[in-house]
Amino acid sequence: MNQSIVIIPTFNEKENIEKIVRKVISLDQDFDILVVDDNSPDGTAKIVQEIQGELEEVHLLQRSGKNGLGTAYIDGFRWALSREYDFIFEMDADFSHNPEDLDRLRQACLDGADLSIGSRYIEGGGLEDWPWLRRFLSKGASHYTNAILNMGIKDVTAGFKCYTRKVLEALPLDEINFVGYAFQIEMKYRAFRKGFKLAEVPITFKDRTEGKSKMNAGIAKEALFGIMKLKRMKLG
């Protein structure tokens, strides 16, 4: 078994899933993949099952319904922790996260980080094909979060990450509050409060070209108000 597993949550990603899986498997470094599918009506899981017949590195966790990004990752983390993986990644299915960056995230952990974060907002990072309003809101969210939580992380909502096993073993996964983008903030904040070393790695985030974005007003609202809730929580 490989040391590293890439968790990819999916809901209606038939346009992307085979391409992203084959790209990750084709990399020089060895990565297993766990697709966590929320009962996609477009047949995403069936495509993964067909790939499984060819590639033993590919795994599938099927869930009964669409219950949020955060719970998909939590289920994926538990699945990975029940096996002997040392590095556990979060990555989107739509190529907004470049699979070529996986090894740099892992290397940051090998170099001493407990949690490495693919960052759009440090030197060397960037965005492609994002409208100005979305850029403004995303950067504003990071500034707002840092002003309240004081983590010193430039890209607090980033979802391209590599966890070392010890981080996920130390976090109370059954106590995670949020399911949308606030989930990404909460996981970083909990790791930060426990004293783990967080490191940002520059990446270029490219907007999806196929499939439909999962962002909506409810997710954004959860992130906005969730930050104040995190500040009030006694974590450590």
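**Exercises on cores, a helix face and a surface patch**

**Exercise 1.** In this predicted model, determine which residues I88 is in contact with, leaving aside its neighbours within four places in sequence, and then describe the core to which I88 belongs.

*Solution.* Step 1. With those neighbours set aside, the contacts of I88 are I5, I7, F77, A80, L81, K161, C162, Y163 and L168.
Step 2. The largest nonpolar core has 40 residues, and I88 is, with F77, L149, M187 and L230, one of those that touch the most other members.
Step 3. At least two residues of this core come from each of β1 (4-10), β2 (32-37), α3 (69-81), β5 (115-119), α5, α6 (165-170), α7 (181-193) and α8 (217-232). The greatest share, seven residues, is that of α3.
Step 4. Another core, of 29 residues, lies apart from this one and includes I17, F89, L102 and F160.

**Exercise 2.** Establish how the buried residues of helix α1 (residues 17-26) are arranged and what covers them.

*Solution.* Step 1. I17, I20, V21 and V24 are buried in α1.
Step 2. Viewed down the axis of α1, the buried residues fall within an arc of 100 degrees; therefore they line one face of the helix.
Step 3. Their cover includes β1, β2, α2 (44-52), β3 (58-62) and α4 (102-110).

**Exercise 3.** Locate L137, decide whether L137 is buried or exposed, and identify the surface patch that L137 helps to make.

*Solution.* Step 1. L137 belongs to helix α5 (residues 132-149).
Step 2. Its relative accessible area is 53%, and exposed means over 50%, so L137 is exposed.
Step 3. Together with W132, L133 and F136, L137 makes a nonpolar surface patch of about 510 Å².

Key. Residues are numbered from 1 along each chain as its sequence is written. This is a predicted model: local features need pLDDT of at least 70, side-chain atom pairs count only at pLDDT 80 or more; totals for chains, interfaces and linings use all residues. Side-chain values use heavy atoms; hydrogens and water are left out. Patches are made of residues with over 30% relative accessible area and no salt bridge: like charges are joined within 9 Å, nonpolar side chains (Val, Leu, Ile, Met, Phe, Trp, Tyr) within 5 Å. Accessible areas come from the Shrake-Rupley method with a 1.4 Å probe; for residues, only the protein chains shown count as cover. A salt bridge is a side-chain nitrogen of Lys or Arg within 4 Å of a carboxyl oxygen of Asp or Glu. Helices (H or I, at least four residues) and strands (E, at least two) are DSSP runs, numbered from the N terminus. Buried means under 20% relative accessible area, exposed over 50%, partly exposed in between (1.4 Å probe, protein chains only). A nonpolar core is a set of buried Ala, Val, Leu, Ile, Met, Phe, Trp, Tyr and Cys residues joined through side-chain atoms within 4.5 Å. Contact means heavy atoms within 4.5 Å. The arc is that of the directions from the helix axis to the C-beta atoms.
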